[in-house]
Amino acid sequence: MHVSLLILLLAAVLIASGIYMLLERTLSRIIMGAVLAGNGINLLFLLAIGTPGTPPFEGSGTLEAMSDPLPMAMVLTAIVISLALTGFGMALSYRSWQLFGHDEVPDDVEDLRVADRSRRLVERHRHEVIEKVGFEADERRKERERARLEEEAEKARANAREDADDDISDDFTSDEEVEQSPTESDSDEEETP
């Protein structure tokens with residue numbers, strides 16, 4: 001089977017840059033990363049076809065000379081799924097832009113609480129093990145760990161305070177405090193006596 005090194009390198013670059021962009025915090029870059037990675041994977045599927053042959057229709061040639069239709073069908077399906085994912089991601093990004101003025105994915109306050117709770121449980125377990133063994137840890141290591149935990153807790157509290165100040169993040173179902181732009185139906189209601 002003949003494999004084009006150029007197409008293989010192009011697929012690797014597309015997948016690597018797509019994964020890099022998927023790790024970003026803005027939805028628009030996440031969408032672009034998914035599109036790039038999907039196109040790179042589609043190129044790998046096209047490489048799986050092998051050497052080009054005759055179209056896979058009955059009577060168009062011998063069975064050995066025909067191209068494999070399965071990778072082509074998988075690429076076509078992947079294109080449709082990629083289009084649907086892109087449309088959904090763009091809708092999410094646009095709605096985030098409308099609500100917050102940016103499309104950056106914020107830290108989830110509940111995730112920060114869960115992480116803080118797990119850190120406390122690990123610390124408690126560590127202290128129990130140290131007490132059972134009778135081993136006293138180095139005081140400087142404890143101070144560094146305590147300072148790191150306090151710094152992370154302060155960051156989590158600061159993020160929670162920022163989220164608490166945001167009117168929209170308090171309740172997504174309430175539109176009482178959100179400024180609404182007038183629509184055509186609003187103008188009709190004002191004109192009728």
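Visitor: What covers the buried residues of helix 3?

Guide: The cover includes helix 2 (27-48). This is a predicted model.

Visitor: Which residues of helix 3 are called buried, and why?

Guide: They are Pro-71, Val-75, Thr-86, Gly-89, Ser-93 and Ser-96. Buried means under 20% relative accessible area, so each of these residues falls under that cut-off.

Visitor: What makes the span of helix 3 close to the expected one?

Guide: Helix 3 runs over residues 69-100 and has 32 residues. The expected span is 1.5 Å times one less than the number of residues, which means 46 Å for this helix. From its first C-alpha to its last, helix 3 reaches 46 Å, close to that value.

Visitor: How do you know that Asp-68 caps the N-terminal end of helix 3?

Guide: A side-chain oxygen of Asp-68 lies 3.4 Å from the backbone nitrogen of Leu-70. A polar contact needs a pair of N or O atoms within 3.5 Å, so this pair qualifies.

Visitor: What comes just after helix 3?

Guide: Gly-101 does, with a positive phi of about 85°.

Visitor: Why is the pattern of the chain written α-α-α-α-α-α-α?

Guide: The chain has seven helices and zero strands. Read along the sequence, that gives α-α-α-α-α-α-α.

Visitor: How much of the chain is buried?

Guide: Buried residues make up 15% of the 193 residues. The accessible surface of the chain comes to about 15100 Å², and 61% of that belongs to carbon and sulfur atoms.

Visitor: What share of the contacts with a separation of 6 or more joins residues 24 or more positions apart?

Guide: Such residues account for 55% of those contacts.

How values were computed:
Residues are numbered from 1 along each chain as its sequence is written. This is a predicted model: local features need pLDDT of at least 70, side-chain atom pairs count only at pLDDT 80 or more; totals for chains, interfaces and linings use all residues. Side-chain values use heavy atoms; hydrogens and water are left out. Helices (H or I, at least four residues) and strands (E, at least two) are DSSP runs, numbered from the N terminus. Buried means under 20% relative accessible area, exposed over 50%, partly exposed in between (1.4 Å probe, protein chains only). Contact means heavy atoms within 4.5 Å. A polar contact is a pair of N or O atoms within 3.5 Å; within protein, one must be able to donate a hydrogen and the other to accept it, and residues adjacent in sequence count only if both atoms are side-chain atoms. Accessible areas come from the Shrake-Rupley method with a 1.4 Å probe; for residues, only the protein chains shown count as cover.
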